[in-house]
Every structure is written in structure tokens, then in C-alpha cells.
Amino acid sequence: MTFLICGLGSIGKRHLKILKNLGKHKFIAYRTGQSKKSSMCIADKDVFNFDVLTEYKIDGALITNPTSLHVETAIEIANHGIPMFIEKPLGNKLDKVDKLLELVKAKNIHVMMGYNMVYHPCIVAIKELINGNKIGKVISARAQFGTYMPDWHKDEDYKKGYAANSSMGGGVVMTSIHEQNYLTNFFGEVTEIKAMEIGGDVIGIDAEEGVEILIKHKSNVVSNIHLNFFQKPYHRNCEIIGTDGTIFWDFMKPEIRIFTKDKNESVNKGIGPYELLETSYVDQMKGYIEMIKNNVEPKMNLEKGIDDVKTALKILKEINRNYN
């Protein structure tokens, strides 16, 4: 298969490496020309405009450039009828989203949104436990994600990265949208939102660094999401509270714990946290290949990506961080 990849930052390189390991694929890198570095060491060919795509038989495209460029890039690729993978989030505004959706529907193009956490073995297992009524009727949920942004890429100035800059679609709400995504996948669409910014200017970035969010879902479950870019050490977990028990997951432990009145159980996945994380990325790319080859609907489609952006923008409005 031949893949077009638009954006070879850390996440683009990660997806490309996985695809290389999954088969004998070819890769064309779309470049804006702003970087003087060639991508030929990791891709087979560079292209500098979308018009030349007609010269190639491209099976799929990956959009992994800065968030603020996702939608306009996707529109260009949709015009060529190419199935797409768009890294989360879809964008940082709703401009041109309707145009993209119209194009995708008109050309019958499948689009997968890049939410690898819904492929994480523990998140998959939690959803199965909820659907299997393991803890009865779910009443509420709590999810936390905390990380220290300056340690992400120690050889780079973190303040210059897209995640640190609101104009590029950064900030903790958009960048760390996974918790919002998997909780709405568990409990349904959002009917009410409350949010409060926390932290202020801890690491000195041009975007919100921390936020507390309350969401009421269509199912009447109320979830609380805590996100921050200043926590040491890295911390990620999820707690689901039901009428008959509680499910708890800590990212750093490869297991899910289930607490009920009569007993405590553990669902062990048998490998370490970062191996499980890598599994989520690999399974996501396997899902993308399956979508292209067999024309199947992805776990996370374009409509879900749009809904997530709408919710994220409501959160930003709640904390007076309307970047549009």
C-alpha cells in the first residue's frame, strides 16, 4: 500500500514506523517547504503541493500536522477521494468543517479519527465491563491526565511546539482530548458542561495549562475530567462508579481493578504500561488498514471528531479561552 503522510513530527513518525512494521508499504511525505530537512530518510518521496497527487496511486493519507491545519489539509485530500486518518483533535475551530463533511459524504470517503486510547486494552476492557453491567448502573466517572510538558522532548523548546500555542490548536483541552473522547464513547453525547481553569501560568505557555471539567451525558452519567500540563510525575487514571461497584484503572499499572460489596477483582493485561500504550497505537493502525482494505466504518469517524471539537470549544468558552 502507498500512504501519503502530512506532518512528520513525533506523532507522524510514530504512525509511519508502525505502518512500516505492519507491511511493505511506500510513503510519500507532503511538505510545505518551510523545513530545509529532507524526509527521504523515512519516506520514499517528498511532494510539495497536492496537485501532484493525481500522479500517484495513494491508498490512504495520514494527517499529522499541527491541529490548526487538519481541516484544510483534509479538504485538499478529500478532493482526491483518498481515505484519511486524522490525528486528534479534528481542529481548533469549526470553520470549513461542514465543507469537509460534505465532501467526505459526496465522495463516500472513510475517515478515521486518531484516538489511540479507545484501542488501549484497558479502555477496551472497561467498556466491555460497563456494557456487561459488571458494576450495575453507572452513576458517575472521574478521569485524570497530568503531565509535565517541559519533559516531553528535552532536546526541543517546548514553548515553540503546537501543544503550547493556542494559535496552532494547542492547550491542554484540545491536546489532551482523549479523556473527553473515551468518556463520551462510554456514556454518550454531552448535554451540559461546566469548567474552571486551574494553574494559571505554571509553565509559561500561550494556552491553558490546566482545567477541571464537569460533563453531564445523555445517559445521565456525570463525569469529571482533570487535565494539566504541569504535573510531576505523569499521572493518568479513570474511575467508574456504579450502583453495584467501582472500576478503577491506573495507566501505570497494566490492570483494571473491580471493587464490589462482596469481592475485589483484578483484570491483568500482563505487560507494562508503555507496552500497552504501544499496543493501542499498533491496533489503531491495523484498524486504519482494515478500514481501507475492506471499506469498513472506523471506531472513531469524522462525525465523532466534529462532536469532540464542539465539546472542547464549549469547555474553552466556559474558561474564557475562546481562541477563534
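A residue is taken as buried when its relative accessible area is under 20%. In this predicted model, Thr2 has a relative accessibility of 16% and therefore counts as buried. Thr2 belongs to strand 1, which covers residues 2–6. When neighbours within four places in sequence are left aside, the contacts of Thr2 are with Lys26, Ile28, Lys57, Ile58, Asp59 and Gly60.

The helical part of the structure was examined next, beginning with helix 8. This helix comprises residues 302–318. For its 17 residues, a rise of 1.5 Å a residue gives an expected span of 24 Å, and the end C-alpha atoms of helix 8 lie 25 Å apart, which agrees. The buried residues of helix 8 are Leu302, Lys304, Gly305, Ile306, Asp308, Val309, Thr311, Ala312, Leu313, Ile315 and Leu316. An α-helix has 3.6 residues a turn, so residues three or four places apart point the same way. The elements covering the buried residues of helix 8 include three helices, namely helix 3 (97–106), helix 5 (172–175) and helix 6. Also included in this cover are strand 6 (111–114), strand 8 (190–197) and strand 9 (210–217).

Two helix pairs, both involving helix 6, were then described by their packing geometry. Two packed helices are described by the angle between their axes and the distance between the axes. Helix 6 (residues 178–187) packs against helix 8 at an angle of about 120 degrees, and their axes are 10 Å apart. Helix 6 and helix 8 are therefore oblique to each other, and their crossing is right-handed. On the side of helix 6, the contact is made by Gln180, Asn181 and Thr184, while helix 8 contributes Lys304, Asp308, Thr311, Ala312 and Ile315. Classed by residue type, this contact of helix 6 with helix 8 contains two nonpolar, four polar and two charged residues.

The second pair joins helix 6 to helix 4, which spans residues 121–131. Helix 4 and helix 6 pack at an angle of about 25 degrees, with their axes 10 Å apart. Helix 4 is therefore roughly parallel to helix 6. The crossing of helix 4 and helix 6 is right-handed. Ile123, Ile126, Lys127 and Ile130 of helix 4 meet Tyr182, Asn185, Phe186 and Phe187 of helix 6 in this contact. By class, the residues of the contact between helix 4 and helix 6 comprise six nonpolar, one polar and one charged.

Terms used
Residues are numbered from 1 along each chain as its sequence is written. This is a predicted model: local features need pLDDT of at least 70, side-chain atom pairs count only at pLDDT 80 or more; totals for chains, interfaces and linings use all residues. Side-chain values use heavy atoms; hydrogens and water are left out. Axes are lines fitted to C-alpha atoms, for helices over the stretch in contact, and angles run from 0 to 180 degrees between N-to-C directions. Helices (H or I, at least four residues) and strands (E, at least two) are DSSP runs, numbered from the N terminus. Angles under 35 degrees count as roughly parallel, over 145 as roughly antiparallel, 65 to 115 as roughly perpendicular and the rest as oblique. A crossing is left-handed if the near helix is turned anticlockwise from the far one by less than a right angle, and right-handed if clockwise. Contact means heavy atoms within 4.5 Å. Ala, Val, Leu, Ile, Met, Phe, Trp, Tyr, Cys and Pro count as nonpolar, Asp, Glu, Lys and Arg as charged, and the others, Gly among them, as polar. The expected span of a helix is 1.5 Å times one less than its number of residues. Buried means under 20% relative accessible area, exposed over 50%, partly exposed in between (1.4 Å probe, protein chains only).
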